[in-house]
Each structure stands twice: as C-alpha cells, then as structure tokens.
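User: Got a minute to walk me through this one? I'd like to talk pockets and strands.

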Amino acid sequence: MNNGIHVAYSGMKAQMEALDLLANNLANVNTAGFKEQRTFFSLMNQTIGDAGGQTPGGAANGRVKISEGGLNLQDGLLRETGRDLDVALVGAGFLTVQTDRGMRFTRNGNLRTDARSVLCTSEGHPVLGEQGPIRLGPGKVSITETGEVLLDNQPVERLKLAAFGNGGDLVREGNSLFAPAGPGAQPAAADVSVRQGFLEQSNVNPVQATIRLVEIMRHFEAIQKSLNLMINDLDAKAIARLGR
C-alpha cells in the first residue's frame, strides 16, 4: 500500500478512537467521581525491507497511534447533598471496594447499605475498611475527614483509602471502577480528606470536551479528503500506465 495512504488510514483510525474516548467522557459528565480519559497521538515509524531499515523506495512506513494511560486524576468540584452515606475525597486517593474480580478502586462516593447492613457502592460492591467490609446497624452514621466511620459516635471502622502514583497505574473497568494496570501498580496509603454529605463531580469540562470533539471531527474530515485525493491520483496513474 502507498505509504501516504497507509498513514492516512492509521490517522483516521486514531481519530475514531479519540472520538470514542471523548464521547465516553461527555456521556459521564454527570457521573459522580468520573475521571476523564485524555487522548495523545504519536507517529510511529515501522521500517520494513532490508536490514538497513529502508523500504525499496527509501521511505519509512509511518503509523499514527493513539497513546494509552491518559487518565486525568485532577479533583472534580464538590456538590453538597447532606446525605450521610455520600462521601467525597479531596486529594489523590480512592475508596477500596470488593468485587467478584478482586479489589477495585473508585471515586464515586454515592454509598448505601445492602440487606445485610454492609456499606456498599451504588452498584452493590462492598466498601472496604482496614479490617474488611464495613457493617452498620441502625443509628446515626458519621464519617470523619480521616475516614473513620462512626455509628452513634462509636467507632466502627476506618475506610481503606488507596493512592496510585499516576493515571497510568490504573485501568478503567466501567461503573466508576478502576483496576491496577499491572503487578507493579500497587496501591499505597492515601493522604486525602473525606467530606461526608458531599459528592465529587466528574472532572470533565464539557465545553473543552465539545471543542476538542469538533476539532477531531474536522481533522478526520481533512484526512478523509486527503485520502480521497491520493486514491484518485493512484487511479489516474494506473489508468495512464494501462493506456500505454
């Protein structure tokens, strides 16, 4: 395949992947604790041909690729709810929850209790304390800034709060859950402040995301036009050769 056409095709593919990520960001603009996925592009040169790394025509085989791991961990704004089981985290950290796939991490502090009085996320995953799942009975629930859970002013547990070095240490799994990106991405103790009666809002800026969406669509259209011109040029050259 003509090198220019190859680059154009890979560029279109990268733009489509970026559109998917941006659309997901915008779809979750009202999801508590949602962290936006940023997109980065790189031009990777893959050489083919002889050992010298040159194609017969001397051109490199370029490929546009979207980079992963662009998770924005910046805090979102806080919205006061006044609800005792709503908590927001201020600073770099996550609530630890138990799932069927193992421990996962979330910033969505819209919590509830299940039929067994276990503190859970809105999807039903138990929220972990330092000693395990947190079981609450009837009474007034208070959660301090350090994550200590009290029932009628009596200590019950302390939230297990975890921190990671950067967004590249986490993989998004859906439903506001994150998993470690690999064996080397181990959680550490988090230095965060817990705010009871608040929810952290998504950190997606809808205006900036919409502007970026329009930019990517324009880039996609420009690449598509260039691709059509290159294909038409190749067709014209092929017809000219056949006519000789």
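Analyst: Sure, here is a short chat about a pocket and some strands.
This is a predicted model, where local features need pLDDT of at least 70, side-chain atom pairs count only at pLDDT 80 or more, and totals for chains, interfaces and linings use all residues. Residues are numbered from 1 along each chain as its sequence is written, and side-chain values use heavy atoms, with hydrogens and water left out.

User: How much space lies in the largest pocket?
Analyst: About 280 Å³. A pocket here is an open set of points on a 1 Å grid over the protein atoms alone, where a 1.4 Å probe fits, with protein on both sides within 12 Å along at least five of seven lines.

User: Which residues lie nearest its centre?
Analyst: E36, R38, N72, N205 and Q208, out of 14 lining residues, meaning those with an atom within 4 Å of a point.

User: Which element gives the most to that lining?
Analyst: α2, with 3 residues. α1 (3–27) and α2 (206–242) are the elements giving two or more; helices are DSSP runs of H or I, at least four residues, and strands are E runs of at least two.

User: How does the lining divide by residue type?
Analyst: Into 8 polar, 4 charged and 2 nonpolar.

User: Switching to strands: how do β11 and β12 run?
Analyst: Antiparallel, with 3 bridges joining β11 (residues 141–143) to β12 (residues 148–151); pairing takes at least two DSSP bridges. V141 stands opposite L151.

User: What's in the turn?
Analyst: The hairpin has 4 residues between its strands, and G147 has a positive phi of about 95°.

How values were computed:
Grid points are joined across faces, edges and corners, and a volume is the space filled by probe spheres set on the points. Ala, Val, Leu, Ile, Met, Phe, Trp, Tyr, Cys and Pro count as nonpolar, Asp, Glu, Lys and Arg as charged, and the others, Gly among them, as polar.
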